[in-house]
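Biologist: I am new to this structure and would like a close look at a single part of it. Please take one buried position, and then work outwards to whatever surrounds it.

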Amino acid sequence: MAKHGSTHGGHSGHGGHHGSLKEYVLGFALSIILTIIPLMVVMKGWLHGTAAVVVLLGTAALQFAVQLLFFMHLREEKGPRYNLMTLILGLIIVVTVVIGSIWIMTNNPMY
């Protein structure tokens, strides 16, 4: 059997830090703001139609970026970016499934 180093315990094998309290508070505040904006747009009726959809999709994309950067520490990864590559592959699969589903539903002769 091979001997293993002592880097298996805790987080010592990850390399790098996992963010400061300031970064977590900033990420949390941005998440709250990016949640309240579309909520108020819809509940108060500030925007309608395409403008409301654009605001909703824009804040959703920004919320996604905040989650990745502040809480998933995507920007702090050293060496090979396996997490980023996995994320990109997952996004490609999701986009393919969604676009394929929309295409099938649009071109379905039953309806």
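Modeller: Pro 38 has a relative accessibility of 14% in this predicted model, and because buried means under 20% relative accessible area, Pro 38 counts as buried. The residue belongs to helix α1, which covers residues 21–43. Across from Pro 38 we can place Thr 59: the two residues are 21 residues apart along the chain, yet their C-alpha atoms are separated by 7.0 Å. Thr 59 is part of helix α2, and with a relative accessibility of 9% Thr 59 is counted as buried too. The side chain of Thr 59 also has a polar partner, since one of its polar atoms lies 2.9 Å from the backbone oxygen of Val 55.

From this buried pair of positions we can turn to the surface, where Leu 39, Val 42, Met 43 and Leu 56 form a nonpolar patch whose accessible area comes to about 390 Å² together. Helix α1 gives the most to this patch, with three residues. One of the patch residues, Met 43, has its place in helix α1, and its relative accessible area of 63% makes Met 43 exposed, whereas Pro 38 in the same helix is buried.

Helices α1 and α2 are also linked by a pair of rings. A search of the whole structure finds one aromatic pair, and this pair is formed by Tyr 24 and Phe 71, which are stacked with 6.2 Å from centre to centre and 15° between the planes. Tyr 24 lies in helix α1 and Phe 71 in helix α2, residues 50–71, so the pair ties together parts that are 47 residues apart in sequence. Neither ring residue counts as buried: Tyr 24 is partly exposed, with a relative accessible area of 31%, and Phe 71 is partly exposed as well, with a relative accessible area of 27%.

To set this part within the whole, the protein chain has three helices and zero strands, and from the N terminus on its elements run α-α-α. Of the 111 residues in the protein chain, 14% are buried; Pro 38 and Thr 59 are among them.

The UniProt record, an unreviewed entry, lists residues 24–43, 49–72 and 84–105 under "transmembrane region". In the model, the span of residues 49–72 is 92% helix and 0% strand, and its end C-alpha atoms lie 33 Å apart. The span of residues 84–105 is 100% helix and 0% strand, with its end C-alpha atoms 31 Å apart.

Note on methods:
Residues are numbered from 1 along each chain as its sequence is written. This is a predicted model: local features need pLDDT of at least 70, side-chain atom pairs count only at pLDDT 80 or more; totals for chains, interfaces and linings use all residues. Side-chain values use heavy atoms; hydrogens and water are left out. UniProt positions are given in the numbering used here, feature names are shortened, and annotations may be inferred rather than shown by experiment. Helices (H or I, at least four residues) and strands (E, at least two) are DSSP runs, numbered from the N terminus. Patches are made of residues with over 30% relative accessible area and no salt bridge: like charges are joined within 9 Å, nonpolar side chains (Val, Leu, Ile, Met, Phe, Trp, Tyr) within 5 Å. Accessible areas come from the Shrake-Rupley method with a 1.4 Å probe; for residues, only the protein chains shown count as cover. A salt bridge is a side-chain nitrogen of Lys or Arg within 4 Å of a carboxyl oxygen of Asp or Glu. Buried means under 20% relative accessible area, exposed over 50%, partly exposed in between (1.4 Å probe, protein chains only). Rings of Phe, Tyr and Trp (its six-membered ring) pair if their centres lie within 6.5 Å; planes under 30 degrees apart count as stacked, over 60 as edge-to-face and the rest as tilted. A polar contact is a pair of N or O atoms within 3.5 Å; within protein, one must be able to donate a hydrogen and the other to accept it, and residues adjacent in sequence count only if both atoms are side-chain atoms.
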